[in-house]
Amino acid sequence: MLVDNQNFDIYYYHCVKATWNNSDHRLEFLNFFRILTIALCFSSSGCTRTSAPEEPSPIPPSPDSIPIVEGIQTAPGLEQTTFIAPLTDAYKRIDPIEDGWGSEAFSAAATKQLKLLAKQLSVPSKLSNDSIAKFFSQDTNLNLQLKPARLSEFYRDAEFQIQRGGPESAPFQDDPVIAFQSLLSTIQSTNILQTEVKLYRVDTAENDFTSHVLFNATGQSTEGRIQINTEWLCHWTRDIETPHIKKIALLSYEESTRLAKNKSALLKDCTADLLGHNQAYQEQLLRSTDHWRSRIPANLGLDVVANHGLALGDVNGDGLDDLYLCQQGGLPNRLFLQNPDGTLTDHTAQSGTDWLDYCASALIVDLDNDGDRDLVVSQDFKLLLMENDGSGRFELSFGTSTHAQTFSITAADFDLDGDLDIYACGYNPSPDRVRSGTLGEPLPYHDAQNGGRNMILRNEGVWKFNDVTKTVGLGHNNNRFSFAAAWEDYDNDGDPDLYVANDYGRNNLYQNTNGRFVDVAAELGIEDMSAGMSASWGDFNRDGRFDIYISNMFSAAGNRITFQRQFKPGAPETMLAQYQRHARGNSLFQAGLDGSGFNDVSIEQGVTMGRWAWGSRFVDLNNDGWEDLVVANGFISTEDTGDL
């Protein structure tokens with residue numbers, strides 16, 4: 001295949017710029033071009049650069065020259081319509097209308113309107129007919145239901161008050177200025193509010209276009225700092241290019257108030273205070289991945305989408321927990337010792353733990369029962385077990401290859417012989433394994449079974465470890481993309497059981513009986529077919545039985561697309577439900593009192609919306625005896641400058 005590299009580069013620029021401002025499309029297009037580029041360069045005819053065309057294509061404009069319309073960048077180069085053959089069809093698919101997805105075109109236009117409206121609402125004192133009337137239909141009588149007339153107290157302690165209300169007491173109004181001033185009345189004392197809006201469900205089949213919308217506003221009031229969390233059902237005019245709101249029906253409403261008497265911050269970022277005096281913090285940890293991408297060769301293991309964890313534990317026997325950080329390939333892992341005043345000092349060079357390879361996770365645990373904490377590190381496709389001499393100096397005592405790229409590791413004495421065994425979660429299969437699917441992508445997407453194999457190492461003593469995965473029953477259903485695992489004796493029989501959270505599909509619950517495991521997740525109703533990324537056991541309702549919370553991915557795009565009629569037409573209802581479940585969000589499973597299984601109480605407990613959730617933990621934050629939930633989420637945190 002002959003590829004005109006100059007034209008290809010320019011086309012790549014046009015395509016990505018055309019969609020980059022739609023965050024739901026960014027990852028899809030990056031993956032598309034990754035696949036497309038490799039497919040072109042590894043075609044059967046090879047990849048040969050041709051001579052430059054007689055009339056070279058124009059150079060893409062600089063970001064500064066891209067026109068701006070109402071704060072939204074418009075894409076350059078869309079007038080270009082001729083491309084090399086493999087890209088012609090792909091170019092058409094940039095436009096969702098051309099691709100048969102008018103609902104996505106409407107979603108993009110409606111989201112633009114909502115974000116511009118949210119920006120106006122961030123300054124309540126400047127709300128006027130001129131500022132917000134343009135977002136609403138002028139051809140029909142408006143019907144806006146935004147705030148309940150009555151709120152009931154749902155929760156209160158010394159720090160917080162939570163109030164909720166439903167649509168039954170919410171009046172309808174026809175003046176958008178009055179409606180939104182009423183909505184924001186409790187926090188209008190703040191000059192500028194923090195506002196956020198997310199459209200996540202679309203229906204274009206009825207007379208009106210409708211969408212489910214999450215709206216949040218945060219500001220200060222005389223009562224304290226308030227966050228409004230509300231969900232609307234918006235009715236829109238049937239205009240894909242510039243839809244206008246005709247009606248807003250209230251679906252749910254909540255006000256969370258941090259009471260005014262609590263003037264100090266609930267949580268304080270102390271990172272710089274504890275680590276700032278270290279050279280490694282200033283010169284390495286404060287640098288972004290993009291910074292290192294321009295300085296470190298990719299073949300050292302630097303990854304744009306990286307998964308790196310940390311471990312806490314006392315490595316020098318002074319009674320204070322120390323910190324071990326895993327890093328990108330080409331950057332050394334770091335060990336910081338805690339000082340009596342709480343600060344942390346870099347101890348990496350003396351410790352012998354400064355691995356330069358790509359490392360995803362670590363554990364600080366006592367593997368040899370000598371009273372000090374040893375170190376386990378997952379290094380790409382290897383596990384490294386390092387012995388501690390008691391002072392925080394480590395020597396490699398055991399190492400082994402894994403069946404997959406390991407993203408997390410856990411430890412438990414599964415066979416009750418008195419020493420800790422190691423379980424490694426495999427994600428990407430080993431490079432030498434033949435993978436099915438286009439470039440080894442997870443297949444099928446919602447229930448992938450071509451992932452890497454997990455492994456358990458039984459501790460035999462004197463730094464000997466054996467892979468006993470198959471012999472103890474953990475080889476069953478061991479073909480997923482596993483992100484995390486959590487041990488707990490959920491059945492109260494005296495030995496630890498194992499829950500495994502898998503990306504791209506269903507999870508595993510391995511019941512342990514005398515050191516032998518059986519996957520009972522399906523039987524107990526706890527498979528949770530989603531994008532599993534972490535799991536945490538806890539007794540949230542204090543009934544004496546362990547419940548489990550799994551962090552997944554809340555996908556606005558997935559919630560829209562999987563409910564459209566043209567999504568997988570003819571597919572069984574069960575498959576459609578699985579895809580829809582995949583995008584729903586986090587899950588909370590409550591253990592039944594009779595031990596017969598688990599019940600999915602995620603929606604009734606209001607814990608599904610964790611955004612793109614990676615880690616989660618049950619923890620009693622306010623020491624009231626009830627376990628709370630902490631969810632770490634996010635993906636790309638840097639500002640979008642428009643410069644690829």
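**Close-ups of a predicted model**

**View 1. The lining of the largest cavity.** L114, L117, A118, L121, V197, F215 and W232 line the largest cavity. This is a predicted model, and the space in question has a volume of about 30 Å³. With the cut-off set at 30 Å³ or more, the count comes to 1 cavity. Which helix gives the most to the lining? That's α4 (residues 102-121), with 4 residues. As for chemistry, the lining is made up of 7 nonpolar residues, with no polar and no charged ones. Rolling a probe the size of a water molecule over the atoms is what shows where empty space is left.

**View 2. The largest nonpolar core.** Zoom out a bit and you get a core of 38 residues. F136, F180, L183 and W232 have the most contacts inside it; W232 also turns up in the lining of the largest cavity. Who supplies the residues? Helices α4 and α6 (176-183) each bring at least two, and so do strands β8 (194-203), β9 (209-220), β10 (224-236) and β11 (245-259). Helix α4 gives the most to this core, with 7 residues.

**View 3. The β26-β27 hairpin.** Here strand β26 (residues 508-513) pairs with β27 in the antiparallel sense, over 4 bridges. One pair to look for is N512, which stands opposite F517 in β27. How many residues sit between the two strands of the hairpin? There are 2, and N514 in the turn has a positive phi of about 55 degrees.

**View 4. The two faces of β27.** Stay with strand β27 (residues 516-519) and follow its side chains, which alternate along the strand. F517 and D519 point to one face and are buried. R516 and V518 point to the other face and are not buried. So the F517 that faces N512 across the hairpin in View 3 is one of the buried pair here.

**View 5. An open sheet of 4 strands.** Strands β28, β29, β30 and β31 line up in that order to form an open sheet, with antiparallel pairing. Where does the sheet end? Its edge strands are β28 (534-538) and β31 (598-600), each pairing on one side only. From one strand to the next, the twist averages 20 degrees. As a reminder, strands of a sheet pair through backbone hydrogen bonds, either parallel or antiparallel.

**View 6. Inside the sheet, β29 next to β30.** Strand β29 (residues 547-551) and strand β30 (residues 587-591) run antiparallel and are joined by 3 bridges. Which residue of β30 is the bridge partner of I548? It's F589.

Conventions. Residues numbered from 1 in each chain as written. Predicted model: local features only at pLDDT ≥ 70, side-chain atom pairs only at ≥ 80, totals over all residues. Heavy atoms only, no water. Pairing = 2+ DSSP bridges. Axes fitted to C-alpha atoms, helices over the stretch in contact; angles between N-to-C directions. 1 Å grid on protein atoms, 1.4 Å probe; cavity = no way out; pocket = protein on both sides within 12 Å on 5 of 7 lines; lining within 4 Å. Points joined across faces, edges and corners; volume = space filled by probe spheres on them. Nonpolar A, V, L, I, M, F, W, Y, C, P; charged D, E, K, R; others polar. Buried < 20%, exposed > 50% of the residue type's maximum accessible area, 1.4 Å probe, protein only. Core = buried A, V, L, I, M, F, W, Y, C linked by side-chain atoms within 4.5 Å.
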